Amino acid sequence: MESSSAPGGFGRNRETGTLVLLSFAMLIVSLDQYIVVVALPDIARDLGYSAQTLQSVISAYAVASAGFLLFGGRAADLLGRRRILATGLALYAGAALVGGLSTSAAMLLVARAVQGLGGALVFPTTLALINTTFAEGRARNRALGIWGGSGAAGLVIGVLLGGLLTQAFGWESVFLVNVALAGPALLLAFVVIPRDGEREKGRTFDLPGALSVTLGVTLLVFVLVQGPGQGWLSPAIVGSAAAGLLLVGAFVIIERRSSDPLMPPRLLSHPHLITGVVIAFMFMATFGSVLYFLSLYFQEVLGYDALQTGAGFLIPTAVVVAGSTTAGQFVTRFGLRRTLAAALAVGALGAVALGFAISPNGTYLELVPGLVALSIGDGVVFTAMFIAAATGIPARQQGIASGIASTGSGVGAAVGLAVLVLVATAGLDGLSGEQLRTATAEGISTTLFVVAGGIVLTFLVALGRCPAPSDPVPAPVPYQTRRC
């Protein structure tokens, strides 16, 4: 779909409505990644989760979402983006309803996994629709800034809203609210987004490739998430790892022989897409994991209740939204390399400041400077990395490119949380009372320093991989080249 608004602007037309709807859908999906964090203690008490299994409420969503993002992107390209967006929202709303009505741990985990599947359809489809609705350059950068602001804000607002809802209505409300949000979005999708056209002739879904990579990625993410708890040499983990690697290997063979591969090899050599994927992975493994540990610090160390914990995220929310919505303008004016490098440098400093501020007897005010700096980096990088991934990609491949980029972020979220939980919980076994509280604070402080190190690595990637404005961009696939 071609842009019809004036250059650099949206205009009062269908594009504006499309942008609002897609940003709202992105907010809903992002919201759910952390809306349950504050409610976890209540969920554990009512449904019988242990301290070792409680993380599965989050990881069930992360595993399903990461595994199906490529599938969702390919489906959007071939089956129609409005159809896939509507399907994803319907699955999301239905699973949220089941989650809110769950009476057992198993029932809730199934609901969370289906929610992850719905999110895996919605995420890349909204990104692909943004990238095909707005012309590459200033207009798309501004649109991605609004979309990215909604997504980045959703991660933080989820914790805030989760605290408010849990305190007022109980843990069930953090699921049921998604029904109230996704339902209207589903209906508006049929009003705002144009009807899908006929399928492009000669293109196939590449079902063998889709199934092999979806199952392979799902199993490998499962291994990374559950390995620390179940033991890396346990039969389930070893078996899943072997099966996942075999399936990914089969996917590579299938793609080489396919006449219309799910993931075109030339697309994978696109410099901006690869940069976006790597940064998305590292972003979610670092920035994206901090919310989980801050929530634990507020509740387990400072003794905040659910409402106070949610309120603690008001400042980060405001800063993240401001950073994300202005990131597109920064990219347009200064280029991707400078924007990413500056934002990552500020974020790394914020993580270090938080690491020093977190202590058993710390206060919220001591956290504010680090929270603000980290949130600036969080908001700007979230938008900029998806601008990078979309630059120069032809419209017919925007869905799969979006799926590749969002898979990077999804896998990064799962891997980052699994690794950082090991860092944060090292040495906690057998402790209780004040000793446990003190050790928990020290573990979270150490985790923030590890996060800072990861952000520094991401900074080096941005400097090394993102071309400067004067550098030529290779063209591995037919498209009109642009520069960072």
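I take a residue as buried under 20% relative accessible area, as exposed over 50%, and as partly exposed in between. I note at the outset that the model is predicted.

**Entry 1: the salt bridge of R140 and E136**

I looked up E136 and found a relative accessible area of 23%, so E136 is partly exposed. Its partner R140 has a relative accessible area of 7% and is therefore buried. The two side chains meet in a salt bridge, with 3.5 Å from N to O.

**Entry 2: the network around D42**

I then asked which residues are joined into one network by salt bridges that share partners. I found D42, R45 and D46. Within this group, I looked up the pair R45 and D42, whose closest N and O atoms are 3.0 Å apart. Both residues belong to helix α2 (residues 40-47) and are three residues apart, about one turn of the helix. R45 has a relative accessibility of 59%, so I record R45 as exposed.

**Entry 3: R81 and D77**

I next examined the salt bridge between R81 and D77, where the closest N and O atoms lie 2.6 Å apart. Is R81 buried or exposed? R81 is buried, because its relative accessible area is 15%. D77 also has a relative accessibility of 15% and therefore counts as buried. For the count of salt bridges I noted six.

**Entry 4: L97**

I located L97 in helix α4 (residues 81-100). Its relative accessible area is 41%, so L97 is partly exposed. Leaving aside residues up to four places away in sequence, I found L97 touching L176 and V179. I also checked L97 against D32: the two are 65 residues apart in sequence, and their C-alpha atoms are 13 Å apart in space.

**Entry 5: the chain as a whole**

I counted 16 helices and zero strands in the chain. The C-alpha trace spans about 65 × 45 × 40 Å along its principal axes. The radius of gyration is 21 Å, which agrees with the value near 23 Å for a compact globule of 484 residues.

Of the 484 residues, 59% are buried. I also looked at contacts between residues at least 6 apart in sequence, and 83% of these join residues at least 24 apart.

For the surface, I noted about 18500 Å² exposed by the chain, with carbon and sulfur atoms supplying 66% of it. Finally, I recorded 26 positive and 22 negative side chains. The centres of these two sets lie 14 Å apart.

Note on methods
Residues are numbered from 1 along each chain as its sequence is written. This is a predicted model: local features need pLDDT of at least 70, side-chain atom pairs count only at pLDDT 80 or more; totals for chains, interfaces and linings use all residues. Side-chain values use heavy atoms; hydrogens and water are left out. A salt bridge is a side-chain nitrogen of Lys or Arg within 4 Å of a carboxyl oxygen of Asp or Glu. Helices (H or I, at least four residues) and strands (E, at least two) are DSSP runs, numbered from the N terminus. Buried means under 20% relative accessible area, exposed over 50%, partly exposed in between (1.4 Å probe, protein chains only). Contact means heavy atoms within 4.5 Å. The radius of gyration is taken over C-alpha atoms; the globule rule is 2.2 Å times the number of residues to the power 0.38. Accessible areas come from the Shrake-Rupley method with a 1.4 Å probe; for residues, only the protein chains shown count as cover. Lys and Arg count as positive and Asp and Glu as negative; His and the chain ends are not counted. The place of a charge is taken as NZ of Lys, CZ of Arg, CG of Asp or CD of Glu.
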